[in-house]
Amino acid sequence: MKKISLDKTVTEFHKSITFNTPKDAYIQIVEALREFWGMNAEVVSAEVFAPWSFGEVIAPLTNANFPLNWICPLQDNAKPFLAGIHFVGVSGTKVKFLKSKHGAKASVYEDSSNIYCRTFGVLGAANNDDGYVHTHSNLDELESVLKMCGFEYTDVVRTWFYNDDILAWYPDFNKARTEFYAQRKIFDGLLPASTGIGSPNPSGKKITSGAFAIKSKFGKIAGAKDFVCELPSPLQGGATEYGSSFSRAVEITSESSKRIMISGTASIAPDGKTVHLGDIQKQVELTIAVIEGILKSRGMNFSDTVNAVVYCLRPEYFAEFEKWNKQNDIPFCPSYSIVCRGDLLFEIELEAAKNS
């Protein structure tokens with residue numbers, strides 16, 4: 001269990017588990033929930049990386065009040081089996097749970113200075129196969145959920161988009177997201193960190209999404225240097241330079257901690273081109289180096305990791321990450337997914353924090 005102190009009384013807890021069978025998943029879910037209860041903490045979100053066949057085990061989580069995102073592997077029975085769940089909980093504050101008319105769930109909680117909103121499993125109303133239309137539909141619903149919780153899209157600091165068959169329509173997704181962000185004047189303030197991954201979901205829709213939003217009780221605008229700010233990557237250029245609208249990372253400062261939320265990161269050179277084509281070992285090495293560069297630029301290292309998600313184009317590629325992680329032991333969830341380019345074999349998103 002990893003902790004982020006939001007202020008003197010409010011704590012955010014992160015717990016990542018991995019499993020191989022439904023029985024193992026059930027045991028670890030129960031143990032994780034008991035651990036949260038032992039901390040007097042309430043779960044505020046969960047991210048599930050598991051096949052649809054685990055439905056009986058995951059069902060109690062989908063029926064809970066908290067928002068849940070569930071993405072499936074590209075093949076249910078692929079080996080090695082990659083599955084896990086990342087839970088977030090809070091203690092020392094009251095949590096408000098809300099549900100939109102389309103079924104999306106959200107949790108809202110606060111500390112002495114800021115109000116936080118988490119939402120996952122957001123599905124757009126569109127049912128057609130047009131990726132451009134479907135993206136606008138999903139973003140509209142995501143914005144609607146945020147408004148239901150008292151937030152604007154300009155309060156968003158982190159997003160997740162899981163796009164089924166992503167390579168077939170990623171340009172349409174990027175075009176629609178960029179248009180949406182321009183209309184909402186997102187580029188005038190904070191550009192959220194983000195993950196865009198190719199994975200199916202139990203709903204069968206083209207996108208399931210989520211967001212983490214923060215607003216100050218004192219009227220500060222998201223993006224203010226003493227509250228939330230974008231971070232550059234020392235080893236990569238900005239994603240907007242090659243048409244993808246997200247920041248490499250964001251830094252969030254609360255009364256008692258500093259955290260960094262790093263976007264999905266892969267083997268991309270400063271000029272935006274994929275490097276180390278076909279070489280999983282070198283792609284993993286560069287990805288790790290890029291993330292480490294961001295962490296070190298803010299006085300952190302991998303020991304400060306509170307959660308990470310490891311995306312592998314093939315299950316066997318996970319072994320390269322395991323070699324590295326034997327020496328570093330960061331908490332993570334694995335996923336058998338498509339990265340946003342056909343020549344990218346591996347991607348990691350990571351969150352780290354230091355308590356003051």
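## Glu143 and its contacts

In this predicted model, Glu143 touches Tyr153, Phe180 and Arg184, leaving aside neighbours within four places in sequence. Glu143 belongs to helix α3, residues 131-148. Is this residue buried or exposed? Glu143 has a relative accessible area of 11%. The cut-off for buried is under 20%, so Glu143 counts as buried.

## Ala83 in a loop

Ala83 sits in the loop between β4 and β5 (84-91). Its relative accessibility is 0%, and Ala83 is therefore classed as buried.

Which residues does Ala83 touch, apart from those up to four places away in sequence? They are Ile17, Thr18, Phe19, Phe49, Ala50 and Pro334. Val48 lies 35 residues from Ala83 in sequence. In space, the C-alpha atoms of Ala83 and Val48 are 7.9 Å apart.

## Helix α6: two sides

Helix α6 spans residues 318-328. Its buried residues are Phe318, Glu320, Phe321, Trp324 and Asn325. Viewed down the axis of α6, these buried residues fall within an arc of 150°, so they line one face of the helix. An α-helix has 3.6 residues a turn, so residues three or four places apart point the same way.

What covers the buried residues of α6? The cover includes α5 (280-297), β15, β16 (333-336) and β17. On the other side of α6, Lys323, Lys326 and Gln327 are exposed. Asp329 follows α6 and has a positive phi, near 55°.

## Strand β10 and its partner β9

Strand β10 covers residues 193-197. Five of its five residues are buried, so β10 is largely enclosed by the rest of the structure. Ala193, Thr195 and Ile197 point one way from the strand. Ser194 and Gly196 point the other way. Residues on both sides are buried.

β9 and β10 run parallel and are joined by five bridges. Opposite Thr159 stands Ser194 of β10.

## Strand β13 between β12 and β14

Strand β13 takes in residues 249-253. Four of its five residues are buried, so β13 is largely enclosed by the rest of the structure.

β13 pairs with β12 (residues 228-231) in the antiparallel sense, over four bridges. Here Val228 has Ile252 of β13 as its bridge partner. β13 also pairs with β14, again antiparallel, over five bridges. In this pairing, Val250 has Met261 of β14 as its bridge partner. A hairpin of three residues joins β13 to β14.

## Two cavities

How many cavities of 30 Å³ or more does a search of the whole structure find? The search finds two. The largest has a volume of about 90 Å³. Its lining is made up of Glu47, His86, Arg118, Arg158, Trp160, Met261, Ile262, Asn307, Val309, Glu349, Leu350 and Glu351. Four elements give two or more residues to this lining: β9 (156-163), β14 (257-265), β15 (305-312) and β17 (346-355). β17 gives the most, with three residues. By class, the lining of the largest cavity has five nonpolar, two polar and five charged residues.

The second largest cavity holds about 40 Å³ of space. Pro73, Gln75, Asp76, Ala78, Pro80, Phe81, Leu82, Pro315 and Tyr336 line this second cavity. Its lining divides into seven nonpolar, one polar and one charged residues.

Some residues and elements link these cavities to the parts described above. Met261 lines the largest cavity and is also the bridge partner of Val250. β15 and β17 help to cover the buried residues of α6, and each gives two or more residues to the lining of the largest cavity.

## The largest pocket

The largest pocket has a volume of about 400 Å³. Its lining has 23 residues, and those closest to the centre are Thr62, Leu68, Gly103, Gly121 and Leu123. Which elements each supply at least two residues of this lining? They are α2 (55-62), β4 (68-71) and β8 (114-122). The pocket lining divides into eleven nonpolar, nine polar and three charged residues.

Note on methods: Residues are numbered from 1 along each chain as its sequence is written. This is a predicted model: local features need pLDDT of at least 70, side-chain atom pairs count only at pLDDT 80 or more; totals for chains, interfaces and linings use all residues. Side-chain values use heavy atoms; hydrogens and water are left out. On a 1 Å grid over the protein atoms alone, a cavity is a set of points where a 1.4 Å probe fits but cannot get out, and a pocket is an open set with protein on both sides within 12 Å along at least five of seven lines; lining residues have an atom within 4 Å of a point. Grid points are joined across faces, edges and corners, and a volume is the space filled by probe spheres set on the points. Ala, Val, Leu, Ile, Met, Phe, Trp, Tyr, Cys and Pro count as nonpolar, Asp, Glu, Lys and Arg as charged, and the others, Gly among them, as polar. Buried means under 20% relative accessible area, exposed over 50%, partly exposed in between (1.4 Å probe, protein chains only). The arc is that of the directions from the helix axis to the C-beta atoms. Contact means heavy atoms within 4.5 Å. Two strands pair if DSSP finds at least two bridges between them.
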